[in-house]
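Work through the exercises below with the structure in view, and try each task before reading its solution.

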Amino acid sequence: MLFRVLICIILSLMQNVCAKEPITPIPLTMDLNPDKVALGQLLFEDKRLSHDNTIACVSCHDLAKGGTDQLSHSIGINDTEGDINAPTVFNSGFNFRQFWNGRAATLEEQVHGPIHHPKEMGSHWIEVINKLKKDQAYLKKFKALYPQGIQIQNIKEAIALYERSLFTPNARFDQYLRGNHKAISSDEKKGYTLFKQYGCIACHQGMNIGGNLYQVFGVLNNYFEQRGNITQADLGRFTVTGKEYDRYRFKVPSLRNVEITAPYFHDGSAKTLKEAVDIMAFHQLGRTIPEHEKQLIVIFLKTLTGTYQGVLLK
Amino acid sequence: MNKIFTNIVTVLSVILLIFLYQKTQLVDTEQHNQVISTLGTLKQLEAVWINQVLHSRLALNNNYDAMADTWITLETTHQRWQDFQLKRIYGENIAHAEYQKTAYLAQITKRREYIEQFKSVNAILSNSVRYFPTAVSELMRLEDTKLLVGDVNALLSAVLRYSLLPEKETQIQKLIDNLQEKGALSEQDIRSQINIIASHARTILKYRPYIDAILEQINILSTAQKIDLLTTTYVNLQDARLNESTPYHQMLMVFSGLLLLLILFIAYRLRVSYTALNRANQQLKTANDTLEQRVTERTRILSHTLEQLKDSQMQLVQSEKMASLGQMVAGLVHEINTPLGYVKSNIQLIQTIFSNLKHVLQEYRALIVNIPDHISNGKKLKTQIEEFDELKEDDSTGEELLKDALYGLKQIFELVINLKNFSRLDLSNISKVDLHEGLNSSLLIAKHLFKNKITINKQYGDIPKVKCAPSQINQVFLNLLTNAVQAIENKGSIIITTRVKNDHVLVLIQDNGKGIPKKVLPKIFDPFFTTKDIGEGTGMGLSISYKILQEHGGNIEVTSQEGKGTTFTVSLPTGI
């Protein structure tokens, strides 16, 4: 008797789950100060933000490459290979924290990181501001938007605002979520169902399909032991909190535009979506997914590619 | 000195006002309310947050966006709290509040860590719980698993129960071990599926208590009480501040009231001053406007005065002349009077003698007839008597001559008497005067002017004596009579009328002469105005007359019609 009651409860709960999709579409528009966004873009694309004027933000977050550099590890100044895979800048404004280990609470806070990282831009604020202040165009533009002129806070704000403007609405899946059932094919729908059934949805949910919680990489099967060669970057959130609990714990990445942001994971180890799905299924879900189902999940994932300024990303 | 005092008082007032104002500004109710409201928001947000956690636990929430958003809102709210200048709002004594705040922030940070853990663990647990029945049915679908049905179902029901309610783990552990033991001899695919089931069952076993522990921690770390304490602390701080500032508040009220009164008083004073100033300005303006007019007026008055002065001077000269004339006349009259007296009596005596002589001569004539010529002296006598007869014929003539002489003397007497009157009146200043007497003497003096052409018609009324300077009044009459005579070219008449009108005596001197032209009429009383040839008239007569009457409180008026005549009316008050 009790068993049946429980089943009923569980079924009703599942019903509840089914009634409301765990993924929500990206808003079609955002209200951002266009002048500040434009200034932010200039800064985002300005190599003077790096020590030797070789690297700009855009160097590793190329909009033509899905907001990434499509490398396992980014290349910083002096051709130094970085420690970690560059996450996409697209939709980063919807993430609850920034960086793989979530060490920055906001995009503004995040700006500080790459500029100062010796393997990335290797610079510091004084250097950056001195360079920018020599540029009359910047002086003028900052003065027009910020009474205090060129200041750390204002640079951060402008860049962050530009990054927030890099959102990708109107993915085919979003169109489906908005009620256009023809926006995705039946196979893609099957893929979505499998995505939910296998439990991917447990972490990859919300507007950004991820990006709103931390999770251990290797819940059911230890990923790092199998991969070997553990680096500092693999420790994840542990490097921020120092708590054993946070070892190998990362911010769950967004699956938005996942089709064009290979290679995957913080270490850039998965070159294809199929590989990534395999790794996730085994280490996070403790399962192996049959080939044809994996295929369906992958084609579902490809419906998550959105548009930037009205153009579908490639 | 007064000014320095005022300045000092003003400065002190301002300083006091600022001091009191600052003291009362200690209490920033608005900011305090915002702090309290911020705390309220925090409490509410946390309640929402925890609600979202529980919803996720029961799979009522199928994503963590809302939870993440709530945290962002919470952080923003924390930032707002941090941005409050609490020392400014509550004073320096906020160490306790700051301590409580730090404790709260530490606690909520900890709580948040647990919530992040919850999110991770909940994802894993819910995934396993959700997958577990599927895993079991997947096993059942495989061949040769009938033997396992009982164990698997026992495990399934135990795990599902366990996922929601606290159960003994050891029993489930046994069930897992049991299943794995039974399946150990099975096919590879059965074993691996059993392993998956076991793995998920262990995951549930591991994470279910874990998530309970996390939820308990989240519960324990409830910050509601801390927020309440903080609210109380802030309210107490605020109350303390209020108590501190109340007397200053009252003082400020009183002081402000006083200042207001002072300002009102000053405003009133200013207004009064302003009005006065305005009026003065107005007057000044008016004065400026009329200045020219007034200058003209004044000039006119001055020139008039100058003329009057000239008149007076002329009059003075004239009256001096008249006075001298009066004295001379008086002396002359006296000198004439004496010989005149005895001439008159001598002539009267001669008249008597002449009458007697006439009588004797008649007697002689009668006698002489009888006297012969031969008588020696008879003829001679006769001749003499005849000569007397001639005289006899001229008897009347002789008498007439004497009569004429007497009449002439009488006339001289009258003239002398009049002259005497004239001069006498001149000497006596003011006395009660019978104007008729004055008129008469004037007429007498002017008589020589009348000749045969003018008849005088006196229509004297019954008038009282008038107090006046007779010499001057006589001069007026003489003047008027002279003018009247001169106005009459051929024959004419002058009518002199006297009467009383109200309290004035009127003397009208009316002629039927040529009249005065209208153009000239207004000027006739002006000094030196004359129509006569040079040397004939001074032009002073009427002006002096006018002046004299003015001084007597009387008046002289003229009406004239050209060709018909002129009437001068002299009026003198009876009262003087």
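**Exercise 1.** In this predicted model, decide whether Arg287(A) is buried or exposed, and then find its salt-bridge partner.

Solution. Begin with the accessibility: Arg287(A) has a relative accessible area of 6%, and because buried means under 20%, Arg287(A) counts as buried. Next, look for a carboxyl group beside this side chain, which leads to Glu138(B), where the closest N and O atoms are 3.8 Å apart. Finally, place both residues: Arg287(A) sits in the loop between α12 (273-285) and α13 (291-301) of chain A, while Glu138(B) belongs to helix α5 of chain B, and the pair therefore crosses between chains. Glu138(B), at 22% relative accessibility, is partly exposed.

**Exercise 2.** Describe the salt bridge between Glu46(B) and Arg111(B), and say where each residue lies.

Solution. The two side chains meet at 2.7 Å, N to O. Glu46(B) is in helix α2 (residues 29-57) of chain B and Arg111(B) in helix α5 of chain B, so that distant parts of the chain, 65 residues apart, are linked. As for their surroundings, Glu46(B) is buried at 3%, and Arg111(B) is buried at 4%.

**Exercise 3.** Which residues gather with Glu143(B) in a patch of negative charge?

Solution. Start from Glu143(B), which is found in the loop between α5 (95-141) and α6 (149-164) of chain B and is exposed, with a relative accessible area of 66%. Around it on the surface, Asp144(B), Glu187(B) and Asp189(B) complete the patch.

Technical notes: Residues are numbered from 1 along each chain as its sequence is written. Chains are lettered from A and ligands numbered from 1 in the order in which they are written. This is a predicted model: local features need pLDDT of at least 70, side-chain atom pairs count only at pLDDT 80 or more; totals for chains, interfaces and linings use all residues. Side-chain values use heavy atoms; hydrogens and water are left out. Patches are made of residues with over 30% relative accessible area and no salt bridge: like charges are joined within 9 Å, nonpolar side chains (Val, Leu, Ile, Met, Phe, Trp, Tyr) within 5 Å. Accessible areas come from the Shrake-Rupley method with a 1.4 Å probe; for residues, only the protein chains shown count as cover. A salt bridge is a side-chain nitrogen of Lys or Arg within 4 Å of a carboxyl oxygen of Asp or Glu. Lys and Arg count as positive and Asp and Glu as negative; His and the chain ends are not counted. The place of a charge is taken as NZ of Lys, CZ of Arg, CG of Asp or CD of Glu. Helices (H or I, at least four residues) and strands (E, at least two) are DSSP runs, numbered from the N terminus. Buried means under 20% relative accessible area, exposed over 50%, partly exposed in between (1.4 Å probe, protein chains only).
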